[in-house]
Protein chains: 2
Amino acid sequence: MSATPVRRTQEQRRTETIGKLVEATIESIEQVGYHRTSLGEICARSGVSKGGLFRHFGSRLDLIIAAAEEVAARHSAAFDDLRADGVPLGIDDILAFARARIRHETNVVWFEVLVAARTEPDLRERLAPITQSLYEMIEARAVANFEGLGLPEDLVRLAVTSAIHMFDGETIVSYSYPRPEVEAARMKSAVELFTALGKDLAAE
Amino acid sequence: MSATPVRRTQEQRRTETIGKLVEATIESIEQVGYHRTSLGEICARSGVSKGGLFRHFGSRLDLIIAAAEEVAARHSAAFDDLRADGVPLGIDDILAFARARIRHETNVVWFEVLVAARTEPDLRERLAPITQSLYEMIEARAVANFEGLGLPEDLVRLAVTSAIHMFDGETIVSYSYPRPEVEAARMKSAVELFTALGKDLAAE
DNA sequence: CTACATAGAAACCGATCGGTCTTTATCTTG
DNA sequence: CAAGATAAAGACCGATCGGTTTCTATGTAG
């Protein structure tokens with residue numbers, strides 16, 4: 001009957017179990033939403049028992065926060081891949097990247113948690129710094145990308161967050177009312193608009 | 001001890017109770033969110049018993065849908081008030097109106113339900129037509145407002161929905177990460193951008 | 001190998017969920 | 001008024017929730 005008598009250190013067991021729990025939490029929020037992501041659901045998906053769960057996380061909230069941090073970290077990692085060569089990107093590439101990340105399955109975790117945070121003070125308090133540092137990271141990268149082109153930094157920040165918000169709203173609405181043609185047209189227009197805007201400002 | 005022996009017709013009792021239930025549902029979603037809006041919560045807020053609730057609504061979902069429809073109807077009514085005189089509005093007024101409606105407390109019901117719908121097929125199916133007709137109403141009004149200025153209808157629709165999505169995303173993020181100065185600057189820039197865009201297109 | 005600490009399993013708990021059922025109050029109809 | 005229909009109350013139900021507790025398995029240190 002064997003079983004798996006693979007010998008692992010305590011540290012290995014610990015991090016592996018934590019990893020399985022966080023991954024299961026992300027997947028569960030993706031697939032069944034924030035509120036149906038119960039501890040039972042997470043345990044079933046991860047194959048970890050409640051006892052195991054509570055050894056590493058003091059509450060459901062702790063696990064949710066860990067999942068949110070992991071999602072933010074993945075966004076960050078995607079940025080690293082994007083500008084690995086250090087060559088500045090065009091506005092079209094940036095918008096395409098932002099849109100793809102926002103529409104990425106992992107990002108629905110962000111939407112779910114963000115909306116839940118509105119009415120859950122504990123969650124909101126702990127999510128706020130994560131949200132803030134995620135935006136700081138994004139904006140800093142955008143500013144760095146356009147460095148030396150004479151674009152006002154504030155405007156770069158405003159433009160990039162505005163585009164993100166637009167894709168956020170579009171994505172959320174598209175779950176219940178998808179309009180692929182309109183969404184494609186929006187992407188096209190956004191590229192044209194922001195490109196023209198960039199040229200105008202750089203020309204000044 | 002009296003009580004309230006006010007005589008009402010069955011129709012009056014019916015519509016009054018339904019109204020109280022829908023209103024309580026909207027308030028509850030606003031204040032405690034979609035998922036904590038339980039039947040117990042709704043009954044407590046409305047002063048109606050579970051028996052009374054289930055006389056008029058076959059399930060929690062039915063009541064949620066009724067609340068969503070009411071929220072959409074209120075958006076519609078706000079439009080009626082806005083253009084009561086029939087005079088076309090400027091882009092600044094339109095954006096201000098859109099932003100105010102999206103940030104209005106009642107609209108959080110829409111966000112909550114929209115996000116919940118992603119993972120609840122029953123809700124999504126029934127919310128889809130409501131969402132669609134709400135957008136059709138909004139876009140039709142926008143198109144009507146700019147009639148005769150030579151603006152392509154598709155572009156008007158695209159612009160208005162894009163602005164809405166941008167304010168949607170901004171609003172949702174602002175619950176956990178409010179940035180009043182950035183949000184004000186965004187509004188200002190949006191007005192300038194869309195106004196310039198409108199002039200360019202009308203001039204063609 | 002022993003003693004101890006950490007990791008993990010699983011039964012268990014009170015509270016709350018959406019929904020049902022039985023009973024009572026109120027209104028309508030003749 | 002009486003008889004029937006509709007409205008509303010609230011006790012009740014099984015399922016599930018987050019969390020606790022008890023107990024076992026596994027790794028670590030001497």
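Is B:Leu89 buried, partly exposed or exposed, and how many C-beta neighbours does B:Leu89 have inside 10 Å? In this predicted model, B:Leu89 counts as partly exposed, because 16 C-beta neighbours fall inside 10 Å, and a residue needs 20 or more to be buried and 12 or fewer to be exposed. B:Leu89 sits in the loop that runs between α4 (60-82) and α5 (91-103) of chain B. Setting aside neighbours within four places in sequence, the contacts of B:Leu89 are with B:Arg83, B:Ile94 and B:Asn145. As for B:Val191, 102 residues of sequence lie between the two positions as a separation, and the C-alpha to C-alpha distance from B:Leu89 is 13 Å.

Now for the confidence scores. Chain A has a mean pLDDT of 94, with 97% of its residues at 70 or more. For the model, ipTM comes out at 0.94 and pTM at 0.95.

Chain A splits into two domains, with domain 1 covering 1-58 and domain 2 covering 68-203. Taken over C-alpha atoms, the centres of these two domains of chain A are 30 Å apart. Where they touch, domain 1 of chain A puts in six residues and domain 2 of chain A puts in nine. On the domain 1 side of that contact in chain A, four residues are nonpolar, one is polar and one is charged.

Next, the two protein chains and how they pair up. Chain B can be laid on chain A by a rotation of 180 degrees with 0.0 Å of shift along the axis, giving an RMSD of 0.0 Å. The chains are therefore related as by a two-fold axis. Both copies use the same surface, in that 100% of the contact residues of chain B turn up again in chain A. Within chain B, the residue that comes closest to the rotation axis is B:Met166, whose C-alpha is 1.8 Å away.

The contact between the chains brings together 37 residues of chain B and 37 residues of chain A. On the chain B side, α6 (107-119), α7 (121-145), α8 (153-176) and α9 (180-203) are the elements giving two or more residues. Of the chain B side, α8(B) provides the largest share, with 13 residues. Sorted by class, this side of chain B holds 19 nonpolar, 11 polar and seven charged residues.

That leaves the DNA. Around DNA strand C there are 24 residues, and the closest of them are A:Ser49, A:Gly51, A:Gly52, B:Thr9 and B:Ser38. The surface near strand C draws at least two residues from each of α1 (10-32) and α3 (50-56) of chain A, and likewise from α1 (10-32), α2 (39-46) and α3 (50-56) of chain B. Its make-up by class is three nonpolar, 11 polar and 10 charged residues.

Turning to DNA strand D, 24 residues lie around this strand too, and A:Thr9, A:Ser38, B:Ser49, B:Gly51 and B:Gly52 come nearest. Here chain A contributes two or more residues from each of α1, α2 (39-46) and α3, while chain B does so from α1 and α3. The residues of the surface near DNA strand D fall into three nonpolar, 11 polar and 10 charged.

How values were computed
Residues numbered from 1 in each chain as written. Chains lettered and ligands numbered in written order. Predicted model: local features only at pLDDT ≥ 70, side-chain atom pairs only at ≥ 80, totals over all residues. Near = placed C-beta within 6 Å. Helix = DSSP H or I, 4+ residues; strand = E, 2+ residues; numbered from the N terminus. Nonpolar A, V, L, I, M, F, W, Y, C, P; charged D, E, K, R; others polar. pLDDT = per-residue confidence, 0-100. Least-squares fit on C-alpha atoms with pLDDT ≥ 70 in both. Contact = placed C-beta atoms within 7 Å. Domains from an automatic or database assignment.
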